[in-house]
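Colleague: I'm new to reading models like this one. Could you walk me through how you decide what to call things?

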Amino acid sequence: MTTKVNKYAILERNIFFVFNLLVAVLSSQCTKPQLKTEEPFAKARTQQVDQLIKTFQSDFSVPGISLAMVSGDSVYCTTMGVANAANKPFTVNTPFLAGSISEPMLATAVLKLANDGKLDLDEPVVNYLPYFKMGGDSYQKITIRHLLTHTSGIPHYNIMWDMPNYNPNALEVTTRSIGSQLPEFKEPGTQVKRSPYNYDILADVICKVTHKPFEDYMKTNVFGALGMKSSSFIKVKGTAMPFKTSNWLTHTTKQDTLYPYNRENGGSGGFHTTATDIASWMFTLLNKGRAGRAESFGSGFYDEVLSTRFKTGKSTAIGYGWEITEEKGQRIFLKGSQYGGFSNLVVLIPEKKIGVAVSSNIAGEFNPANLGKLVAQWLIGSALTQPKMPISLAMSKALARTGEIRDAFKTFSALKKTEPNSYDFSAQALTQFGINLLHRVHNKQQALQAFQFCVHQYPNSAFAYLNLAEAYVVAKDARNTRLAISKAQVLPDDSGSKASYLSYLKENLEILEEKKS
């Protein structure tokens, strides 16, 4: 009898132990969500994307192109084309220059340093870089957060790479170079003025705070945690080379001789990565970590990385290195750039756990936004359609075949009737034909004819008239410049830059009229 009671007691204790263990496990799962691992997309989906990239690469004469996409825990990368003039294949593991995508990546490092207590985002920059100086006194109020959000007022300067500086003090040279410049506005944090120097100076801050090159800190403390094995802030062996358009009528390309990297601007534009690494980064951000990797960023870190920091309009804002738009109640984080022979775009929709990245080793008329936003919408549920080709491409090739601009106009009219859904016939796309003739082919007469054709097709486009006015400026025709400007002034702005374009044209008109008198 006693033996039976002891067995029952032991059984009760075991049940109680198992029950408490289950409660503990379930409680831990409720308080800490299980991190995901990457899973492949369904084959039918990847086949659709592969065909899209193949057609796009051919239609737009793109040397090499990569696309990475994430939807929840599904990840896929695909590439097409070549990485250099030797026809080395552009693969998912080919390193390429990611341009301004450097900014959100560098911001991640700065936020990590803040999370680790190594710096304070709201401390003045001069506390970390005593030699940081600008004209006036307001620069002393510029904080790390102001640099992160482009609200410092530091003027915009074009990045130069024809005489690159790779020295250890290169970033300090950048910081010191603006010592005599006045901020664009007196009170930091009140406006957005985008300038790559904000992030170049942040890279200098990382160097001084960590006592090591910022490239080393990124490699050991950031890329590893994000699963980015092949990424760096320096050019590595096997990097894709930039291409440029060698003939703006046939749109043939050739490898560029100048590589767009200068360590003085390494923080804002020196990020090198691969399609595989970009996919891993997007996956980690969207899923707030990843299974099988030690978590080093702490709670709430990923929410901070993808946070809205400064409103720039009714439905637009800026984050830590990101441009943010709001569409149908959801935030879309964007970062892209086109310079030096590379084009890049990253699109993140955190609420849907969707990410798309498009990169290529050519810039110019190729716009990765055409592809990136389209794929992102497809992942949400829209149909996947081929981006429309700019009509300027077809018109340029028609002109190249015959040398007669009227054949380009005939091509526009014919394709608009027979293939209305295959080409972009907008005023902007048509105007690009004239822009290429004026600024790249340098045929003033044909450019003028192209712009006249454009305003005939789009008589209510201010953008078309603004470009026509510029063609008249080049032709030194003051009378018709004034007429085109007058027409553009009364039309709605369909360019997004009407005010600045008008100011530029009026200044040139004044010069023309002074010379004439």
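Modeller: Sure! One term to start with: pLDDT is the predictor's confidence in each residue, from 0 to 100. This is a predicted model, and the mean pLDDT of the protein chain is 91, with 92% of the residues at 70 or more.

Colleague: Which stretches have pLDDT below 50, then?

Modeller: Residues 7-11 do, and that stretch has 0 contacts in the model beyond near neighbours in sequence. Residues 21-31 also stay under 50, with 1 contact beyond four places in sequence.

Colleague: Why is H12 called oblique to H13?

Modeller: Helix H12 (residues 391-402) and helix H13 (residues 405-418) pack at about 140°, their axes 8 Å apart. Roughly antiparallel needs an angle over 145, and roughly perpendicular runs from 65 to 115. The angle fits neither, so H12 is oblique to H13. The crossing is right-handed.

Colleague: What makes up the contact of H12 with H13, by class?

Modeller: You'll find 10 nonpolar residues, 2 polar and 1 charged. Among them are Ile391 and Met395 of H12, and Phe409 and Leu415 of H13.

Colleague: And how do you know whether H16 and H17 are roughly parallel or antiparallel?

Modeller: Same recipe. Helix H16 (residues 462-474) and helix H17 (residues 478-489) cross at roughly 165°, and their axes come within 8 Å. Anything over 145 counts as roughly antiparallel, so that is what H16 and H17 are. H16 passes H17 in a left-handed crossing.

Colleague: Which residues make that contact?

Modeller: They include Tyr465, Leu466 and Tyr472 of H16, plus Ala484, Ile485 and Lys487 of H17. By class, the contact of H16 with H17 has 10 nonpolar, 2 polar and 1 charged.

Conventions. Residues are numbered from 1 along each chain as its sequence is written. This is a predicted model: local features need pLDDT of at least 70, side-chain atom pairs count only at pLDDT 80 or more; totals for chains, interfaces and linings use all residues. Side-chain values use heavy atoms; hydrogens and water are left out. Contact means heavy atoms within 4.5 Å. Axes are lines fitted to C-alpha atoms, for helices over the stretch in contact, and angles run from 0 to 180 degrees between N-to-C directions. Helices (H or I, at least four residues) and strands (E, at least two) are DSSP runs, numbered from the N terminus. Angles under 35 degrees count as roughly parallel, over 145 as roughly antiparallel, 65 to 115 as roughly perpendicular and the rest as oblique. A crossing is left-handed if the near helix is turned anticlockwise from the far one by less than a right angle, and right-handed if clockwise. Ala, Val, Leu, Ile, Met, Phe, Trp, Tyr, Cys and Pro count as nonpolar, Asp, Glu, Lys and Arg as charged, and the others, Gly among them, as polar.
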